[in-house]
Structure formats: structure tokens, C-alpha cells
Amino acid sequence: MAQPVISWMNSTHTQKITAPFDFGVIDAGDLGPKYTFNIWNNKGEATDVSKMEDCTITTRDMSGGLGNTIGNEVEVVKNNWFHAQVDTLGETDLDQPTSIIGKDANKPIGTTGQTTKDHTGATYPTPFIPAAKEILGVNNNGDPIDAAGNYATVTLRAAVPLDAKSGKQQFKIRVSYRYV
């Protein structure tokens, strides 16, 4: 089967997020604003692709590293500044230690939603339901209600410590998965 077709969308599923995303200026000792993203697999496509399995989210430096390479230290990754809450799993832990992601932590993502309609809008005889840590790849009409098994919604927020160095932090939000 074809590899997953990933797209990051805004909180209303109406606009694609393109890199780089600007999380803005956050003062040391402050919490950043909340940003919600929808991570789709095969949004609105007419053919099936592989599902994403064992999905996790974390941060990495621009080279894919842990932010602790001498000469290329990225505090936001190295010191686990970001928090992730998986809204499609009903989580409400954005400000709790269980939501920390970065060098030392990743977080499982997925959905409890179902995909009920195909790309034409016809109802599937049996809804497709993803397993834990999965995002489906079945063809769908791209409607968030009809294709809730094909995306995960994640809210991210930075918690910048008081001892943070000033300056721009360049990093990646990484979703890792496997597919067959």
C-alpha cells in the first residue's frame, strides 16, 4: 500500500500549515500561547494509503538531533520546553508534567474518532476505527466529522523557564510513525 500522505492543518481544518511555523516571542518564565493543529493522513483523497502506526510527537533540532550537540545547542529541545495535549484522545493535561515533549520525552498521539464516509461522501457499511496510536489512511471526504479516524488533533504550548537564554530557537515538531 502507498505510504501515508501527511498534512498539518490549522485548528479549523481549513488551512495547511507550512514550515516554518512561528510560535512567536515568549518571555523567560512565561507560558506561550496555545496552538492547535490537526495532523491528517490522506485528507480528502480518493484512494487508500497506509495507516500511521505507533504515532508519537516530540521536538527535535533542525538536524533531527536532541538539541544537545556542542556548538548547536537548542534549549527548547534539550530542556523539554514544549507540552503537547492530544485533544482527539480527550486529554486535558497541557499544563501537567505528563504533556512534556523534547529530548527526554515523546507523547503518543492518535484518535478515538471513526471514519464513516468515503471520498464521494457515501457512508461506509462499517465505520473504520483506528487502534491506539494510529491514524487511518482510508479514503475519505476530508470532512472532520466524517473522517475523524484520519486525523489527530494536538494542542502545543511552550513553557519557557526563567533561566532561558534569549534569542531565536529553531527546532522541529516531529511526528514519528511506522507504516506497512
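The following exercises, each with a worked solution, concern a predicted model.

**Exercise 1.** Determine where Val-74 is found and whether it counts as buried or exposed.

*Solution.* Begin with the secondary structure, in which Val-74 lies in the loop that runs between strand 5 (72–73) and helix 1 (75–78). Next, take the relative accessibility, which is 6% for Val-74, and compare it with the cut-off of under 20% for a buried residue; Val-74 therefore counts as buried. Finally, look for its surroundings: leaving aside residues up to four places away in sequence, Val-74 touches Asp-61, Gly-67, Gln-169, Gln-170 and Phe-171.

**Exercise 2.** Carry out the same kind of analysis for Thr-59, asking which strand holds it and which residues it touches.

*Solution.* Thr-59 has its place in strand 3 (residues 53–61). Its relative accessibility is 0%, and so Thr-59 counts as buried. When residues up to four places away in sequence are not counted, the residues that Thr-59 touches include Val-76, Val-77, Phe-82 and Ile-101, as well as Phe-171, Lys-172 and Ile-173.

**Exercise 3.** Work out the strand order of the five-stranded open sheet, and explain why one side of strand 1 and of strand 7 is left without a neighbour.

*Solution.* The five strands of the open sheet follow the order 1-2-11-6-7, with antiparallel pairing. Strand 1 (6–9) and strand 7 (100–101) stand at the edges, where each has a single partner strand, so that one side of each lacks a neighbour in the sheet. Turning to one pair within this order, strand 6 (residues 82–86) and strand 11 (residues 151–158) run antiparallel and are joined by five bridges; for His-83, the bridge partner in strand 11 is Arg-157.

Methods: Residues are numbered from 1 along each chain as its sequence is written. This is a predicted model: local features need pLDDT of at least 70, side-chain atom pairs count only at pLDDT 80 or more; totals for chains, interfaces and linings use all residues. Side-chain values use heavy atoms; hydrogens and water are left out. Helices (H or I, at least four residues) and strands (E, at least two) are DSSP runs, numbered from the N terminus. Buried means under 20% relative accessible area, exposed over 50%, partly exposed in between (1.4 Å probe, protein chains only). Contact means heavy atoms within 4.5 Å. Two strands pair if DSSP finds at least two bridges between them.
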